[in-house]
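Biologist: Can we go through this one together? I would like to begin with the loops.

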Amino acid sequence: MPEAKPTEQHAVALPDDWAATPLTVVMPTYNEAENLPGMAERLMGLPLPGLRLLVVDDSSPDGTGDIADEHARTYGDTRMGVLHRAGKEGLGRAYAAGMAQAVADGAHYVLQMDADGSHPVDKIPQMLGVALATGAGVTIGSRYVQGGTLSAAWGPHRRLLSRWANTYAGTILGTRVRDITGGFNLWREDALRAIDLASVDSAGYSFQVEMKYRAVRRGYGVMEVPIHFEDRTAGESKMDLMVQLESVAMPWKLRARSARARSRG
Ligand SMILES: Nc1nc2c(ncn2[C@@H]2O[C@H](COP(=O)(O)OP(=O)(O)OP(=O)(O)O)[C@@H](O)[C@H]2O)c(=O)[nH]1
Ligand SMILES: [Mg+2]
(Lines give C-alpha, C1' and ligand atoms only; values in the text may rest on other atoms or scores of the structure.)
(Ligands and ions follow the chains in the order given, each with its own letter.)
Protein backbone atom coordinates (compact mmCIF):
# COMPACT_ATOMS: atom_id res chain seq x y z
CA MET A 1 0.00 0.00 0.00
CA PRO A 2 1.45 3.42 -0.90
CA GLU A 3 2.36 5.48 2.14
CA ALA A 4 -0.05 8.38 2.79
CA LYS A 5 1.47 11.82 3.35
CA PRO A 6 1.56 12.47 7.12
CA THR A 7 -0.57 15.62 6.81
CA GLU A 8 -3.39 13.76 5.08
CA GLN A 9 -3.25 10.90 7.52
CA HIS A 10 -3.67 13.05 10.62
CA ALA A 11 -6.28 15.64 9.63
CA VAL A 12 -8.33 16.56 12.72
CA ALA A 13 -11.67 18.30 13.22
CA LEU A 14 -11.85 20.41 16.39
CA PRO A 15 -14.99 20.94 18.51
CA ASP A 16 -16.81 24.09 17.32
CA ASP A 17 -15.81 26.31 20.24
CA TRP A 18 -12.14 25.34 19.85
CA ALA A 19 -12.29 25.99 16.10
CA ALA A 20 -13.65 29.49 16.80
CA THR A 21 -10.65 30.44 19.00
CA PRO A 22 -9.35 33.91 18.05
CA LEU A 23 -6.12 32.89 16.32
CA THR A 24 -3.91 35.22 14.28
CA VAL A 25 -1.43 33.80 11.79
CA VAL A 26 1.47 36.26 11.53
CA MET A 27 3.26 35.89 8.20
CA PRO A 28 6.31 38.02 7.38
CA THR A 29 6.88 38.57 3.67
CA TYR A 30 9.72 39.91 1.59
CA ASN A 31 9.32 39.27 -2.13
CA GLU A 32 6.77 36.48 -1.79
CA ALA A 33 4.40 37.63 -4.58
CA GLU A 34 4.35 34.14 -6.09
CA ASN A 35 3.63 32.39 -2.81
CA LEU A 36 1.27 34.67 -0.89
CA PRO A 37 -2.01 34.16 -2.84
CA GLY A 38 -1.87 30.36 -2.46
CA MET A 39 -0.99 30.62 1.23
CA ALA A 40 -3.87 33.02 1.92
CA GLU A 41 -6.34 30.82 0.06
CA ARG A 42 -5.30 27.68 1.93
CA LEU A 43 -5.45 29.40 5.32
CA MET A 44 -8.91 30.81 4.60
CA GLY A 45 -10.05 27.32 3.58
CA LEU A 46 -9.26 25.81 6.99
CA PRO A 47 -12.22 24.88 9.22
CA LEU A 48 -11.15 27.58 11.71
CA PRO A 49 -13.60 30.52 11.61
CA GLY A 50 -11.62 32.38 14.30
CA LEU A 51 -8.47 32.45 12.17
CA ARG A 52 -7.16 35.81 10.93
CA LEU A 53 -4.12 36.25 8.68
CA LEU A 54 -1.81 39.21 9.37
CA VAL A 55 0.82 39.73 6.66
CA VAL A 56 3.85 41.79 7.71
CA ASP A 57 5.44 43.18 4.57
CA ASP A 58 8.69 45.17 4.55
CA SER A 59 7.89 47.13 1.35
CA SER A 60 8.75 44.19 -0.92
CA PRO A 61 10.00 45.48 -4.28
CA ASP A 62 8.02 42.75 -6.09
CA GLY A 63 4.69 44.20 -4.92
CA THR A 64 3.81 41.55 -2.30
CA GLY A 65 2.34 44.31 -0.10
CA ASP A 66 -0.17 45.40 -2.79
CA ILE A 67 -1.17 41.80 -3.46
CA ALA A 68 -1.71 41.33 0.28
CA ASP A 69 -3.90 44.47 0.39
CA GLU A 70 -6.05 43.16 -2.48
CA HIS A 71 -6.56 39.84 -0.72
CA ALA A 72 -7.36 41.59 2.57
CA ARG A 73 -10.09 43.58 0.79
CA THR A 74 -11.50 40.39 -0.70
CA TYR A 75 -11.51 38.37 2.52
CA GLY A 76 -12.54 41.31 4.76
CA ASP A 77 -10.89 42.88 7.80
CA THR A 78 -11.99 40.23 10.30
CA ARG A 79 -10.15 37.52 8.32
CA MET A 80 -7.09 39.30 6.97
CA GLY A 81 -4.98 42.41 7.61
CA VAL A 82 -1.65 43.78 6.39
CA LEU A 83 1.04 45.56 8.37
CA HIS A 84 3.22 47.61 6.03
CA ARG A 85 6.69 48.49 7.21
CA ALA A 86 9.06 50.99 5.61
CA GLY A 87 12.02 48.73 4.78
CA LYS A 88 13.64 45.33 5.20
CA GLU A 89 14.67 45.01 8.85
CA GLY A 90 14.85 41.23 9.17
CA LEU A 91 12.46 38.40 9.92
CA GLY A 92 12.77 38.80 13.69
CA ARG A 93 11.76 42.46 13.66
CA ALA A 94 8.86 41.76 11.30
CA TYR A 95 7.60 38.94 13.56
CA ALA A 96 7.95 41.01 16.74
CA ALA A 97 5.91 43.86 15.23
CA GLY A 98 3.22 41.55 13.81
CA MET A 99 2.87 39.45 16.95
CA ALA A 100 2.60 42.56 19.15
CA GLN A 101 -0.16 43.88 16.91
CA ALA A 102 -1.98 40.54 16.92
CA VAL A 103 -2.00 40.48 20.73
CA ALA A 104 -3.09 44.13 20.94
CA ASP A 105 -5.95 43.32 18.53
CA GLY A 106 -7.25 40.56 20.82
CA ALA A 107 -5.82 37.27 19.50
CA HIS A 108 -5.83 34.46 22.10
CA TYR A 109 -3.28 32.51 20.06
CA VAL A 110 -0.67 33.70 17.57
CA LEU A 111 0.91 31.41 14.98
CA GLN A 112 4.20 32.25 13.28
CA MET A 113 4.35 30.97 9.73
CA ASP A 114 6.59 31.54 6.69
CA ALA A 115 5.01 32.52 3.38
CA ASP A 116 7.05 30.18 1.21
CA GLY A 117 5.06 26.96 1.60
CA SER A 118 7.57 25.28 3.92
CA HIS A 119 5.11 25.00 6.81
CA PRO A 120 2.10 22.67 6.43
CA VAL A 121 -1.15 24.66 6.60
CA ASP A 122 -3.22 21.57 7.36
CA LYS A 123 -1.34 20.91 10.63
CA ILE A 124 -2.73 24.12 12.17
CA PRO A 125 -5.95 22.58 13.59
CA GLN A 126 -3.93 19.82 15.24
CA MET A 127 -1.46 22.32 16.73
CA LEU A 128 -4.33 24.44 18.06
CA GLY A 129 -5.98 21.32 19.51
CA VAL A 130 -2.77 20.34 21.31
CA ALA A 131 -2.29 23.90 22.61
CA LEU A 132 -5.85 24.10 23.95
CA ALA A 133 -5.79 20.61 25.43
CA THR A 134 -2.46 21.03 27.24
CA GLY A 135 -2.33 24.76 28.02
CA ALA A 136 1.19 24.94 26.55
CA GLY A 137 2.64 28.44 26.23
CA VAL A 138 4.17 27.46 22.90
CA THR A 139 3.28 24.58 20.57
CA ILE A 140 6.01 23.93 18.03
CA GLY A 141 5.40 22.50 14.57
CA SER A 142 8.46 20.29 14.94
CA ARG A 143 10.77 18.64 12.43
CA TYR A 144 12.64 16.81 15.17
CA VAL A 145 10.14 14.78 17.17
CA GLN A 146 9.04 11.30 16.15
CA GLY A 147 6.99 11.57 12.96
CA GLY A 148 8.61 14.85 11.89
CA THR A 149 10.07 14.75 8.38
CA LEU A 150 12.23 16.93 6.13
CA SER A 151 11.87 17.70 2.45
CA ALA A 152 13.24 14.91 0.27
CA ALA A 153 15.07 17.68 -1.61
CA TRP A 154 17.33 18.27 1.41
CA GLY A 155 20.68 16.58 0.85
CA PRO A 156 22.81 15.13 3.67
CA HIS A 157 24.75 18.39 4.07
CA ARG A 158 21.66 20.51 4.68
CA ARG A 159 20.14 17.92 7.04
CA LEU A 160 23.33 17.81 9.05
CA LEU A 161 23.57 21.61 9.19
CA SER A 162 20.00 21.96 10.44
CA ARG A 163 20.49 19.23 13.07
CA TRP A 164 23.76 20.77 14.13
CA ALA A 165 22.22 24.26 14.47
CA ASN A 166 19.51 22.81 16.73
CA THR A 167 21.96 20.89 18.88
CA TYR A 168 24.31 23.89 19.05
CA ALA A 169 21.65 26.31 20.32
CA GLY A 170 19.95 23.75 22.58
CA THR A 171 23.20 22.65 24.21
CA ILE A 172 24.47 26.16 24.90
CA LEU A 173 21.11 27.14 26.35
CA GLY A 174 20.50 23.87 28.18
CA THR A 175 16.95 23.34 26.88
CA ARG A 176 15.24 20.07 25.96
CA VAL A 177 13.31 21.65 23.10
CA ARG A 178 13.82 19.42 20.06
CA ASP A 179 13.20 21.99 17.31
CA ILE A 180 14.46 25.20 18.86
CA THR A 181 15.42 26.81 15.53
CA GLY A 182 12.09 26.07 13.80
CA GLY A 183 9.82 28.88 12.63
CA PHE A 184 6.35 27.30 12.81
CA ASN A 185 5.24 28.05 16.37
CA LEU A 186 1.87 28.64 18.02
CA TRP A 187 1.96 31.01 20.99
CA ARG A 188 -0.53 31.55 23.78
CA GLU A 189 -1.22 35.25 24.13
CA ASP A 190 -0.12 35.52 27.77
CA ALA A 191 3.22 33.85 26.99
CA LEU A 192 3.87 36.53 24.39
CA ARG A 193 3.01 39.27 26.88
CA ALA A 194 5.39 37.72 29.43
CA ILE A 195 8.19 37.49 26.86
CA ASP A 196 7.92 41.24 26.18
CA LEU A 197 8.29 41.36 22.40
CA ALA A 198 9.59 44.94 22.44
CA SER A 199 12.73 43.83 24.29
CA VAL A 200 13.63 40.90 21.99
CA ASP A 201 17.17 41.33 20.66
CA SER A 202 17.23 39.24 17.48
CA ALA A 203 16.75 40.99 14.16
CA GLY A 204 16.99 37.81 12.05
CA TYR A 205 16.43 34.06 12.34
CA SER A 206 17.82 33.78 15.87
CA PHE A 207 14.43 35.25 16.84
CA GLN A 208 13.13 31.66 16.85
CA VAL A 209 15.69 30.52 19.41
CA GLU A 210 15.47 33.65 21.56
CA MET A 211 11.67 33.47 21.82
CA LYS A 212 11.60 29.82 22.87
CA TYR A 213 14.40 30.32 25.37
CA ARG A 214 12.55 33.24 26.92
CA ALA A 215 9.36 31.16 27.19
CA VAL A 216 11.17 28.25 28.84
CA ARG A 217 12.96 30.59 31.28
CA ARG A 218 9.62 32.07 32.28
CA GLY A 219 8.24 28.61 33.02
CA TYR A 220 5.87 28.17 30.07
CA GLY A 221 5.13 24.64 28.87
CA VAL A 222 6.37 23.59 25.43
CA MET A 223 4.67 20.99 23.22
CA GLU A 224 5.98 19.69 19.90
CA VAL A 225 3.73 18.37 17.14
CA PRO A 226 5.46 16.55 14.24
CA ILE A 227 5.34 18.23 10.83
CA HIS A 228 6.66 17.61 7.36
CA PHE A 229 8.90 20.53 6.39
CA GLU A 230 8.82 21.25 2.66
CA ASP A 231 11.36 23.23 0.65
CA ARG A 232 10.34 26.72 -0.47
CA THR A 233 8.12 26.24 -3.54
CA ALA A 234 8.93 29.52 -5.37
CA GLY A 235 10.92 32.71 -4.87
CA GLU A 236 14.30 33.21 -3.23
CA SER A 237 15.81 32.69 0.22
CA LYS A 238 16.53 35.76 2.36
CA MET A 239 19.22 34.09 4.45
CA ASP A 240 22.50 36.08 4.30
CA LEU A 241 25.83 36.05 6.14
CA MET A 242 24.87 38.67 8.76
CA VAL A 243 21.79 36.67 9.68
CA GLN A 244 23.89 33.51 10.03
CA LEU A 245 26.47 35.23 12.22
CA GLU A 246 23.74 36.57 14.49
CA SER A 247 22.39 33.02 14.86
CA VAL A 248 25.82 31.73 15.87
CA ALA A 249 26.37 34.47 18.46
CA MET A 250 22.86 34.72 19.94
CA PRO A 251 22.82 31.56 22.13
CA TRP A 252 26.01 32.75 23.90
CA LYS A 253 24.53 36.21 24.36
CA LEU A 254 21.30 34.78 25.82
CA ARG A 255 23.23 32.47 28.13
CA ALA A 256 25.44 35.31 29.38
CA ARG A 257 22.41 37.49 30.00
CA SER A 258 20.68 34.75 32.02
CA ALA A 259 23.84 34.21 34.08
CA ARG A 260 24.01 37.96 34.86
CA ALA A 261 20.33 37.96 35.85
CA ARG A 262 20.94 34.97 38.17
CA SER A 263 23.96 36.59 39.82
CA ARG A 264 21.90 39.72 40.51
CA GLY A 265 19.48 37.36 42.28
N1 LIG B 1 8.87 41.23 6.45
C2 LIG B 1 10.00 40.51 6.30
N3 LIG B 1 9.92 39.19 6.00
C4 LIG B 1 11.08 38.49 5.85
C5 LIG B 1 12.36 39.08 6.01
N6 LIG B 1 13.30 38.10 5.81
C7 LIG B 1 12.62 36.96 5.54
N8 LIG B 1 11.28 37.20 5.55
C9 LIG B 1 10.19 36.23 5.36
O10 LIG B 1 10.34 35.26 6.37
C11 LIG B 1 9.98 33.96 5.87
C12 LIG B 1 11.20 33.03 5.99
O13 LIG B 1 12.23 33.45 5.13
P14 LIG B 1 12.99 32.44 4.13
O15 LIG B 1 13.77 33.24 3.14
O16 LIG B 1 12.02 31.45 3.60
O17 LIG B 1 14.01 31.76 5.09
P18 LIG B 1 14.43 30.27 5.10
O19 LIG B 1 13.18 29.44 5.27
O20 LIG B 1 15.47 30.12 6.13
O21 LIG B 1 15.07 30.09 3.66
P22 LIG B 1 14.62 29.16 2.42
O23 LIG B 1 15.51 27.98 2.48
O24 LIG B 1 14.80 29.93 1.19
O25 LIG B 1 13.19 28.83 2.58
C26 LIG B 1 9.51 34.18 4.44
O27 LIG B 1 8.12 34.30 4.44
C28 LIG B 1 10.21 35.48 4.05
O29 LIG B 1 9.53 36.19 3.04
C30 LIG B 1 12.41 40.47 6.31
O31 LIG B 1 13.45 41.08 6.46
N32 LIG B 1 11.20 41.13 6.47
MG1 LIG C 1 11.81 29.36 3.90
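Biologist: Where does S59 sit?

Modeller: This is a predicted model. In it, S59 lies in the loop between β2 (51–57) and α4 (64–75). S59 is not a glycine, yet its phi is positive, about 50°.

Biologist: And is S59 buried, exposed or partly exposed?

Modeller: S59 counts as partly exposed, because it has 13 C-beta neighbours inside 10 Å, and a residue needs 20 or more to be called buried.

Biologist: Which loop holds N31?

Modeller: N31 is in the loop between β1 (23–29) and α3 (36–44). The phi of N31 is near 55°, again a positive value in a residue other than glycine. N31 has 18 other C-beta atoms within 10 Å, so it is partly exposed.

Biologist: Those loops lead into α3 and α4. How do α3 and α4 pack, and at what angle?

Modeller: The angle between α3 and α4 is about 25°, and their axes are 10 Å apart. Angles under 35 degrees count as roughly parallel, and therefore α3 and α4 are roughly parallel to each other. Their crossing is right-handed.

Biologist: Which residues meet there?

Modeller: From α3 there are L36, P37, A40 and M44, and they meet T64, I67, A68, H71 and Y75 in α4. Sorted by class, this contact of α3 with α4 has 7 nonpolar residues, 2 polar ones and no charged ones.

Biologist: Switching to the sheet. How many strands, and in what order?

Modeller: The open sheet has 7 strands, in the order β3-β2-β1-β4-β7-β5-β8, and the pairing is mixed.

Biologist: Which strands stand at the edges?

Modeller: Those are β3 (80–84) and β8 (222–226). Each has a single partner strand, so one side of each is left without a neighbour in the sheet. On average, neighbouring strands of this sheet are turned by 20° against each other, direction ignored.

Biologist: What does α6 touch when it packs on the sheet?

Modeller: α6 touches β1, β4, β5 (138–142), β7 and β8. The direction of α6 makes about 150° with that of β8.

Biologist: Back to β4. In what sense does β4 pair with β1, parallel or antiparallel?

Modeller: β1 and β4 pair in the parallel sense, over 4 bridges. One residue pair to look for is T24, whose bridge partner in β4 is V110.

Biologist: And with β7, parallel or antiparallel?

Modeller: Antiparallel, over 3 bridges, with β7 covering residues 185–188. L111 stands opposite L186 in β7, and V110 stands opposite W187.

Biologist: Which residues of β4 are on each side, and are they buried or exposed?

Modeller: Y109 and L111 are on one side of β4, with V110 and Q112 on the other, and all of them are buried. Both faces of the strand, residues 109–112, are thus covered.

Biologist: Last topic, P125. Where is P125?

Modeller: P125 is in helix α6, which spans residues 124–134. P125 is buried, because 20 other C-beta atoms lie within 10 Å, and 20 or more is what the term requires.

Biologist: What does P125 touch?

Modeller: Leaving out residues up to four places away in sequence, P125 touches V12, L14, L46, P47 and L48.

Biologist: How far apart are P125 and L46?

Modeller: In sequence, P125 and L46 are 79 residues apart. In space they are 8.1 Å apart, C-alpha to C-alpha.

Note on methods
Residues numbered from 1 in each chain as written. Chains lettered and ligands numbered in written order. Predicted model: local features only at pLDDT ≥ 70, side-chain atom pairs only at ≥ 80, totals over all residues. Helix = DSSP H or I, 4+ residues; strand = E, 2+ residues; numbered from the N terminus. Buried ≥ 20, exposed ≤ 12 C-beta atoms within 10 Å, placed from the backbone. Pairing = 2+ DSSP bridges. Contact = placed C-beta atoms within 7 Å. Axes fitted to C-alpha atoms, helices over the stretch in contact; angles between N-to-C directions. Parallel < 35°, antiparallel > 145°, perpendicular 65-115°, else oblique. Left-handed = near helix turned anticlockwise from the far one by under 90°. Nonpolar A, V, L, I, M, F, W, Y, C, P; charged D, E, K, R; others polar.
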